[in-house]
Amino acid sequence: MILEKYSMGIGDRFGRQGAAQLDAFLRAQATGVAITPVWNKSNREHQIIGTKPSDTRRAADQAVRARNWGGAYYVDADHIGLTNVGAFLEACDFFTLDVAESIGRPPDPADLAAFTKAQRRFIGALSVTGLDAAMDITAAKLEQVGKTYIVAVKEAARLYRYIAAAKGSSPFVVEVSMDECDTPQSPMELLLILAALAAERVPVQTLAPKFTGRFNKGVNYVGNVAQFTREFEMDLAVVRYAREQLGLPASLKLSVHSGSDKFSLYAPMHRALKRFDAGLHLKTAGTTWLEELIGLASAGGDGLALAVDIYEQALGRFGELCKPYATVIDIDLSRLPALADVRGWNGERFAAVLRHDELCPDYNPYFRQLLHVGYKIAAEMGERYIKALARFEPMIATQVTENLWARHIRPVFLGT
Ligand SMILES: [Zn+2]
C-alpha cells in the first residue's frame with residue numbers, strides 16, 4: 001500500500017463533514033493536483049467524544065460514496081501506542097505510531113552498541129544532496145542520538161510488528177510520530193532515526209518530527225519562519241537521501257502535525273516541496289469542528305444560540321478543557337471576550353471573531369483556541385448538537401469546504 005505523494009489528514013470530530021471535506025479535494029483534482037484524504041482521529045478524541053474507530057470508518061466510506069470519490073483514501077489510527085492500538089486494528093489502514101514518550105529513555109547497552117555499530121558508516125563528513133554543507137557526524141554525536149532515540153525506534157518496531165501480525169494480509173500505511181515531545185529533532189537526528197527504523201525493517205512512509213517553533217492548535221505558527229524554512233528544507237534533503245540510500249519506501253515523506261492554520265509557513269513550504277520535488281502529509285484535526293461552529297453562528301437564530309452556549313460552558317470549564325492540550329495551546333484568559341459581550345453579538349460577529357483571518361480586526365486567537373478544545377461540550381450536548389449540524393448543513397458545508405480549499409490546500413499544495 002503506497003501512500004500517494006500529497007496527502008492530508010482531515011479530522012472530522014463528529015463524523016458529519018466528510019462529503020464537504022471531499023469537495024475541497026475534488027476542487028484540487030479539477031486543477032490537476034491529486035491529494036489523498038486521510039481521516040485521522042486519535043484515541044484522545046474518540047474518548048472525549050464517545051466514538052469508536054468504526055464510526056470514523058463508516059463516515060469516511062459514506063462520504064466517499066456520496067461524492068463518488070474514485071481516488072485512494074485512508075482511516076488513520078492517529079497517535080496510537082501498544083496500549084490502545086487494539087481498538088483501531090479493524091477499522092484503520094493507516095497507523096500513526098506515536099513513540100514520543102520513549103524519547104530520552106536510556107537504552108539497553110546492547111541495543112545502543114548494535115545501533116552505533118550498524119550506523120558508524122555515517123561517521124565523518126556526510127554529504128547529502130541539497131544540503132549546503134556536509135553533515136559532520138562524530139562518534140560522540142552518534143552515541144548521543146542512540147541514547148536519545150533508540151528506545152523510541154525499538155518501540156515503533158514493536159508496534160509495527162504487532163499491527164502487521166494482527167492485520168495479516170491487509171495492507172496499511174505506517175507513519176511514525178515524534179512531534180509530541182519537548183525538543184525538536186535536528187536534520188542529523190532525523191537521518192539517524194530513519195537509518196535505525198530501516199535497520200528495524202519498519203516500512204515508514206511518513207515521519208512527523210518535532211519542528212522548531214510552536215505549532216499551537218488552530219492558530220498560526222509562532223516562531224522564526226526563516227529558521228523553520230531552513231530546517232524543513234534540510235529535512236526534505238535528508239528524507240530524499242533516506243529514500244535513495246537506506247532502503248526505506250520510495251514514498252517516504254515528511255508529515256507536519258498540527259498543520260492547520262500555519263499560514264505563515266505555507267508559502268515557504270510550498271516552494272521547498274517544489275524545489276525538492278517532495279511529497280507531504282499535512283495533518284489537521286480540529287479545524288473542521290471550528291468551521292461547524294462558524295456555520296452554526298452564521299446561520300443566526302438557534303444556530304447562533306447554540307454556539308454562544310458552547311462558549312459559555314467552555315469558559316466555565318476552562319481548566320478541564322485545556323488540560324489535555326496544555327502543551328499545544330496558549331490562551332491569555334484576560335483577552336477572552338466577556339460572556340455578556342458575546343451574548344450581544346450577531347452571527348456575523350461571532351463568525352468574524354472565530355474565523356482565522358488575521359486581516360480581520362475582530363479575529364481573536366484566544367477565543368479560537370478555547371473553542372478549539374471545547375468540542376467536548378458539543379459532544380455532551382449529544383442530539384441537540386448533531387441535529388443542529390443537520391439543520392444548518394448547507395451553511396456549515398460551505399465553511400468546511402472553503403476553509404480546506406482556500407486556506408489550506410491552495411497555499412500548501414498549489415502555491416496559490
Ligand atoms: Zn501529532
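**Helix packing, core and domain contact in the predicted model**

Helix H6 is mostly covered, with 10 of its 13 residues buried. The model described here is predicted. The buried residues of H6 are Pro 187, Leu 190, Leu 191, Leu 192, Ile 193, Leu 194, Ala 195, Ala 196, Leu 197 and Ala 198. The elements that cover them include H4, H5, S7, strand S8 (206-208) and helix H7 (225-245). The length of H6 agrees with expectation, because 13 residues at 1.5 Å a residue should span 18 Å and the end C-alpha atoms of the helix are 18 Å apart. Just after H6, Arg 201 adopts a positive phi of about 60 degrees.

Helix H5 was examined in the same terms. Its 29 residues should span 42 Å at 1.5 Å a residue, and the distance of 39 Å between its end C-alpha atoms agrees with this. H5 nevertheless contains a kink of about 50 degrees, centred on Tyr 149. Tyr 149 is itself among the buried residues of H5, which also include Val 145, Gly 146, Ile 150, Val 151, Ala 152, Val 153, Glu 155, Ala 156, Leu 159, Tyr 160 and Ile 163. Cover for these buried positions is provided by elements including strand S4 (94-98), helix H4 (109-119), strand S7 (173-177) and helix H6 (187-199). The helix is followed by Gly 168, whose phi is positive, near 60 degrees.

The largest nonpolar core comprises 118 residues, of which Ala 156, Leu 194, Leu 197, Leu 293 and Leu 296 touch the most other members. Helix H5 (residues 139-167) contributes the largest share of this core, 10 residues. At least three residues of the core are drawn from each of domain 1 (6-286 + 405-414) and domain 2 (288-398). Two of the highly connected members, Leu 194 and Leu 197, appear among the buried residues of H6, and Ala 156 is buried in H5. For Leu 293, the contacts beyond its neighbours within four places in sequence are Ala 307, Ile 310, Leu 354 and Leu 371.

The domain assignment of the protein chain gives domain 1 (6-286 + 405-414) and domain 2 (288-398). The C-alpha centres of the two domains lie 29 Å apart. The contact between them takes 22 residues from domain 1 and 21 residues from domain 2. On the side of domain 1 that touches domain 2, helix H1 (18-30) and helix H2 (43-49) each supply at least two residues. H2 provides the largest share of that side, 3 residues. By residue class, the same side of domain 1 divides into 7 nonpolar, 9 polar and 6 charged residues.

Two individual positions illustrate contrasting environments. Ser 258 is found in the loop between strand S9 (253-256) and helix H8 (263-276). Ser 258 is classed as buried because 22 other C-beta atoms lie within 10 Å, against a cut-off of 20 or more. Not counting residues up to four places away in sequence, Ser 258 touches Phe 215, Lys 217 and Val 328. The C-alpha atoms of Ser 258 and Ala 285 are separated by 7.4 Å, although the two residues are 27 residues apart along the chain. Ala 110, by contrast, is found in helix H4 and is exposed, with 8 other C-beta atoms within 10 Å. Ala 110 and Ser 334 are 224 residues apart in sequence, and their C-alpha atoms are 53 Å apart in space.

Technical notes: Residues are numbered from 1 along each chain as its sequence is written. This is a predicted model: local features need pLDDT of at least 70, side-chain atom pairs count only at pLDDT 80 or more; totals for chains, interfaces and linings use all residues. A nonpolar core is a set of buried Ala, Val, Leu, Ile, Met, Phe, Trp, Tyr and Cys residues joined through C-beta atoms within 7 Å. A residue is buried if 20 or more other C-beta atoms lie within 10 Å of its own, exposed if 12 or fewer, and partly exposed in between; C-beta atoms are placed from the backbone. Helices (H or I, at least four residues) and strands (E, at least two) are DSSP runs, numbered from the N terminus. Domain bounds come from an automatic or database domain assignment. Two residues are in contact if their C-beta atoms, placed from the backbone, lie within 7 Å. The expected span of a helix is 1.5 Å times one less than its number of residues. The bend at a residue is the angle between axes fitted to the seven residues ending there and the seven starting there. Ala, Val, Leu, Ile, Met, Phe, Trp, Tyr, Cys and Pro count as nonpolar, Asp, Glu, Lys and Arg as charged, and the others, Gly among them, as polar.
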